[in-house]
Each structure stands twice: as C-alpha cells, then as structure tokens.
Amino acid sequence: MFDSKMIINKLIIDKNKLNISASISCPFDVDVTSPKAKIVFECDGKVRRLPFLVTNYFRQKQSDSCIVVCTYTFFLDNLFYNFESDSDIKARIDFYYGENEVTGVPFTVSTNVLNENPQIRLDEQYIEYECFDGVTVFTNDDSDFENDKSKASNVYTASFDCENSNIIISKSKDTGRHRSFVQKSRIIVPAVRFIFFLIRILLSVVLTPYFILDGIFAALDFLPKRKTKEIDGLLRNMFVQIKINYSSFLKTSFKRSNFTTNIRKPLFALCRAYYKLLSRKEIKQNRVTFMSGRRDELGGNPLFVYDLIKDRDDIDFQFLLFSDPSGHNKIGNVIKFLKLYATSKVVIVDDYFRLLNLVDKRDGVKLFQLWHACGAFKTFGFTRLGKKGGPKQTDPNHRMYDYAIVSSQEIAKHYAEGFGLSDENVVATGIPRTDIFMDKAYADRVTNDFYGRYPQLSNKKIMLFAPTFRGNGQMSAFYPTSAFNPVEVYEELKGEYAILIKLHPFCQERFEIPEEYKDVIIDLSDDDELNDLLFVTDLLVTDYSSVVFEASLLNIPMLFYAFDLYDYISSRDFYYDFESFVPGKIVFSQHELVSSIEENDFSAEKVDGFKNKFFDHLDGKSSQRVADLILSNLGK
C-alpha cells in the first residue's frame with residue numbers, strides 16, 4: 001500500500017465559499033514531475049470531482065519523502081448542475097503520484113483550522129500541532145474565486161469524519177433578505193439598464209457641441225482645465241481638452257463591462273423568454289437532433305451513429321451544423337437552436353457547443369456528448385480550473401450533458417471531472433469512430449487507395465510524424481517547425497522510411513520540403529483523415545497528441561519526441577504522469593529520435609497493456625452501443 005498522509009492546514013467557509021489548504025506527505029520518486037490531487041464531493045448519489053490545485057512540491061532529503069501542498073477556493077453552491085438537496089455533502093481528497101493512486105487520503109487537522117472553527121471538536125489523535133517542516137500555506141488570490149460574480153444562496157458549515165477521511169459540509173438556506181431588488185431582478189433591471197444605455201448613446205451625439213465648446217473655453221482658461229500636462233499651442237490645447245471631455249464620457253458609458261451588461265444580457269433574457277415559450281410545447285418523442293459548431297456536414301462519432309439509424313422511418317432527424325466560429329452568434333442559428341433544443345427528445349453534440357450555455361435544458365430532453373477525442377491524455381475543461389485558459393467554477397460549459405461517452409471505465413472519472421459531470425453521466429460505450437480499426441474490409445480499402453495515390457512508397461516503411469499544437473487554442477496554435485528537420489531525418493535513416501507529416505488542423509505554418517524529396521517526404525496536413533493514415537503507418541512519431549490511443553488499436557510502435565516536455569507540463573499538464581503513461585520510448589532531441597529508430601528501440605512492448613487499459617471494448621461495436629443508448633431514450 002502506498003504510504004501517504006495529509007494535514008489540513010486551512011479550512012474557512014464564508015457562506016458558500018470553501019477555502020481549503022492541505023499538505024500531503026508521501027515517499028519521493030524522482031521520476032514524478034506532476035503530482036495531482038482531486039477533491040471529490042458527494043451528495044445524494046451525485047459525485048463531482050474538481051482539481052485541488054498543487055501550489056508547491058518539494059523533496060525532504062533527510063527522510064526521502066516529499067511534500068505536496070494544495071490550495072484552492074471552491075463555490076459550494078455550484079458543485080452540482082441544476083441539483084438541489086438539503087443533505088450533507090461529503091468531501092474526500094484523492095491523490096495521484098506517478099502510478100500510485102490513493103482514494104480518500106487519511107488526514108489530521110491543524111490547530112490553525114480548529115482556531116478558525118471553534119465549533120469543531122476532534123479526538124486528540126486527529127489534531128496536528130505542527131505542520132510538516134518547510135511547508136508554506138499559499139492562498140489563491142488569483143483564482144477565479146476573486147473575479148466571479150456568483151451570489152450565495154446557501155450558508156455552509158464544516159465538520160470532520162477523520163475515521164473515514166471525509167470532510168462533512170452541512171448547509172442551510174440563505175433567506176436572501178440581505179439581497180437587494182437589483183441583485184434579484186432578472187428582467188426589470190436589465191431592461192432599465194438597456195434603456196439608459198440607449199439614452200447615453202443619444203446624449204453622446206446631442207452633447208457633442210457642448211463638449212467642443214467646453215474644451216475650447218478650457219483651453220482659453222475661461223473654464224478650469226481638465227488634469228493634463230502643460231501643452232504648447234492653443235489649438236493642440238483645445239484638441240486635448242475636447243478629447244478628454246469626450247473620452248471620459250465614452251469610457252464611463254461604453255466600457256466593455258457596461259456593454260456586456262447593457263446589450264448582451266437583455267438579448268439573452270429575450271432568448272430565454274422565447275425558449276420558455278417554446279418549452280410549453282410537448283417534446284417530440286421521436287426527434288433526434290445533431291448539432292455541431294466544428295463542421296458543416298455530419299462527421300466523426302455522430303456520423304458513425306447516424307449511419308446505423310438513418311433508415312428508420314419512425315425517427316424525425318434534425319440538424320444544426322456549422323463550422324464558422326461566429327456561427328454561434330448568427331440570429332438564424334440561435335433561433336433554430338432554441339426551437340430544436342426545446343422540442344427534441346435527444347440532442348447530440350461532438351464538441352463544445354456554446355449555444356447550450358444560453359438556456360437551461362428542459363426536463364425530458366436528453367443531451368449526448370459524443371466527444372471527438374479518444375482517451376484521456378491532456379487536461380481539459382474543469383480540470384484546468386485555476387490555470388491559464390481554464391474555466392470559472394460557475395461556467396455552465398459541458399455540465400448539462402445527460403450522457404458523455406468514453407472509451408473505458410478507467411478514464412470515466414477524468415471526463416466527469418473535465419466536463420463537470422456526476423459519475424453516472426459518463427458511460428463507457430467505446431468510441432464509435434474507432435470501429436474502423438476492427439474492420440478489415442475498411443483497412444484494405446484505405447490501404448489500397450493510399451498506395452494507389454503514392455505507388456513510390458510501396459517498398460518503404462512509413463513514418464507518420466503527427467505532433468499536437470502549442471498555444472492556447474485555434475487562434476494562437478503553432479508547431480515549432482525548427483524542432484524537426486524531415487530532410488535530415490530521412491537522410492540519416494538512409495531512406496529506409498518515407499515520412500508523412502500530419503500537423504494539427506489548427507497549425508497554419510508548414511514544413512518547407514525541397515522538390516527532390518517531395519516523393520518521399522509528404523505533408524498531408526491539409527489532406528487525408530489522420531485515422532486512415534494509421535493503416536499504412538509502421539512507426540508513429542508524436543508528442544502529446546491523443547492519436548496514441550487510436551494507434552494502440554493497430555499495435556503501431558511509437559516514439560514520443562517531447563523536446564519541451566517540462567514546459568508543456570507546466571502550461572497544460574496531463575491526467576497521468578507522462579513518463580510512466582506513454583506506450584513508447586520518450587526522446588528529447590532529433591539525434592535521440594534517429595538513434596532510437598536505427599536501433600529499433602521503441603519500447604513497443606508497452607502498447608498492448610496501454611490498449612487494454614484505455615479500451616474496454618475491442619469488438620468494433622461501439623457505434624451500435626451508442627445507437628442503442630440513444631434509441632432507449634426515445635419515446636420516454
């Protein structure tokens with residue numbers, strides 16, 4: 001059993017905000033670079049996992065142990081999506097250290113906590129009078145807690161069940177009497193603000209002559225000047241005074257926060273009112289709607305499922321598909337979304353679909369997330385809480401799904417955490433689009449088509465170079481092409497391997513390939529489906545891409561060219577410790593990469609165990625299981 005223990009150094013509840021800090025002690029492992037902790041909340045069968053942010057990690061050489069310090073503030077009112085219960089909430093802390101996993105770390109409680117919470121009484125054996133040596137308890141002043149406008153609706157208190165390693169959180173209703181009418185209003189106040197916003201726009205035009213005259217007279221010293229440095233020249237002085245007058249008014253009237261409040265909120269309120277009106281109609285029990293904001297035509301997992309049920313005459317199929325990033329803001333799409341979301345029995349998405357955040361899903365509608373990625377590798381969604389690019393706790397993103405499909409029970413907890421779902425909403429059916437890897441006829445067809453287009457490669461081994469992107473998203477995505485020289489690699493391997501390049505679709509920059517190499521080094525970044533290329537691949541070279549999961553289904557040897565691994569861990573991180581997780585050898589330079597290929601040193605024996613860990617079903621029937629799940633929800 002992995003030996004770990006924990007001291008709770010800080011626990012303060014302010015109405016609905018739980019501020020907690022803990023120090024976890026365990027044996028030190030030099031290969032572990034990114035320990036993780038999760039806080040798991042349970043209430044009446046609902047389970048919510050959230051990352052417990054690691055703020056310090058260091059080794060204690062004298063005892064060959066280490067300390068992991070975690071600190072964060074959690075909004076207790078926002079743990080569960082559209083769920084109310086008067087029952088107590090149990091919270092435990094799970095710890096992940098390399099390949100070791102501890103469910104419910106046993107803990108003692110610092111006297112600091114007892115001094116802050118005098119109502120708590122504990123047996124002496126569970127009281128800690130000193131923290132671990134060298135531990136600093138950090139606060140998370142930069143967390144989303146500071147910027148979130150959420151209003152508390154409950155008041156919470158805490159106690160400890162140390163014997164079962166649980167924190168017990170009890171709540172009582174906040175009467176709301178301290179909240180003003182402005183805080184509680186959902187219609188009248190936004191409407192009034194919108195009207196006065198329009199008045200300000202009108203005034204900005206009507207008052208223009210006044211601003212000009214005021215600026216002129218101020219420059220002539222007839223009126224007091226606005227605060228500014230001395231300016232030479234009467235005309236320049238007049239211009240600056242007029243500009244100050246006008247800009248002060250405009251900044252006050254039209255700053256971004258005011259624009260959001262005065263324009264977007266009333267429009268959202270209108271959409272919600274329209275949606276409520278539509279929701280008075282009965283749900284069409286046979287209607288299945290496919291929605292996507294990433295493609296104009298049905299594809300990926302939804303297409304595999306649709307192909308199995310499309311010939312059924314008793315199903316009313318509807319579609320809302322667009323690839324334009326601004327499509328979520330187009331009036332036509334918004335109106336169609338509201339109509340379909342209010343009346344469809346089953347709605348299917350395959351990615352983050354922003355319009356779902358606009359309204360609360362009505363009872364009776366079943367929402368399926370057929371996520372486009374496979375496995376759990378890079379962290380996403382609420383797992384990135386408190387990190388750059390991560391969401392706020394009160395964001396509704398993803399939390400409304402009734403079903404999210406995954407490849408195995410092993411990763412279900414990670415998707416539940418990333419999506420902010422309770423465990424029962426994540427179902428290990430397998431991923432529909434992976435069915436092709438168990439379909440020999442499909443494999444033969446794709447392989448024959450490839451070599452029909454590239455006959456010159458028929459006598460060569462194929463290396464597929466398929467890294468993921470760097471950056472924070474589609475607008476900033478890139479791959480540092482200077483890190484990999486395909487011509488040098490081809491020459492150093494003496495032409496044994498042809499090289500196929502498949503960069504992430506977000507990456508705009510391409511490798512420059514000299515004309516004389518274009519028959520053996522081929523950039524297919526803008527062509528061919530990545531999964532189809534795996535059927536002709538003898539060696540996959542990647543870094544942090546989830547293509548490793550699909551590649552494992554074909555038992556393809558892999559090399560992980562991770563030259564910036566530790567920078568990537570600090571900025572993005574993974575669900576598992578990278579160095580013990582990946583099913584292949586890790587190399588940190590192009591020289592190491594070439595040497596490993598020359599020596600056939602791929603650590604390929606890891607692939608089979610990896611595949612069996614991350615796929616519960618290897619029968620080619622994942623699409624059918626998802627289709628059956630969808631059909632079972634129709635007519636209910």
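Select residues 403–405, strand S17, in this predicted model. Strand S17 is joined to S18 by two bridges, and the pair runs parallel. One of the partnerships to display is Ile-405, whose bridge partner in S18 is Val-427.

Now widen the selection to the sheet around this pair. It is an open sheet of six strands with parallel pairing, in the order S14-S13-S15-S16-S17-S18. Pick out its edges: strand S14 (316–321) and strand S18 (426–427) each have a single partner strand, so one side of each has no neighbour in the sheet.

Next, go to the loop between strand S16 (366–369) and S17, and select Thr-379 there. Is Thr-379 buried or exposed? Its relative accessible area is 4%, and because the limit for buried is under 20%, Thr-379 counts as buried. Show the side chain of Thr-379: it reaches the backbone oxygen of Arg-572 at 2.6 Å. Then show what surrounds Thr-379, ignoring neighbours within four places in sequence: the residues in contact are Arg-384, Arg-572, Asp-573, Phe-574 and Tyr-575.

Finally, move to another sheet and select strand S1 (residues 5–14) together with strand S2 (residues 17–27). These two strands run antiparallel and are joined by nine bridges. Asp-14 can be labelled here, standing opposite Lys-17 in S2. Extend the selection to the whole open sheet, whose six strands follow the order S5-S6-S2-S1-S9-S10 with mixed pairing. Its edge strands are strand S5 (54–60) and strand S10 (127–128), each of which pairs on one side only.

Notes: Residues are numbered from 1 along each chain as its sequence is written. This is a predicted model: local features need pLDDT of at least 70, side-chain atom pairs count only at pLDDT 80 or more; totals for chains, interfaces and linings use all residues. Side-chain values use heavy atoms; hydrogens and water are left out. Two strands pair if DSSP finds at least two bridges between them. Helices (H or I, at least four residues) and strands (E, at least two) are DSSP runs, numbered from the N terminus. Buried means under 20% relative accessible area, exposed over 50%, partly exposed in between (1.4 Å probe, protein chains only). A polar contact is a pair of N or O atoms within 3.5 Å; within protein, one must be able to donate a hydrogen and the other to accept it, and residues adjacent in sequence count only if both atoms are side-chain atoms. Contact means heavy atoms within 4.5 Å.
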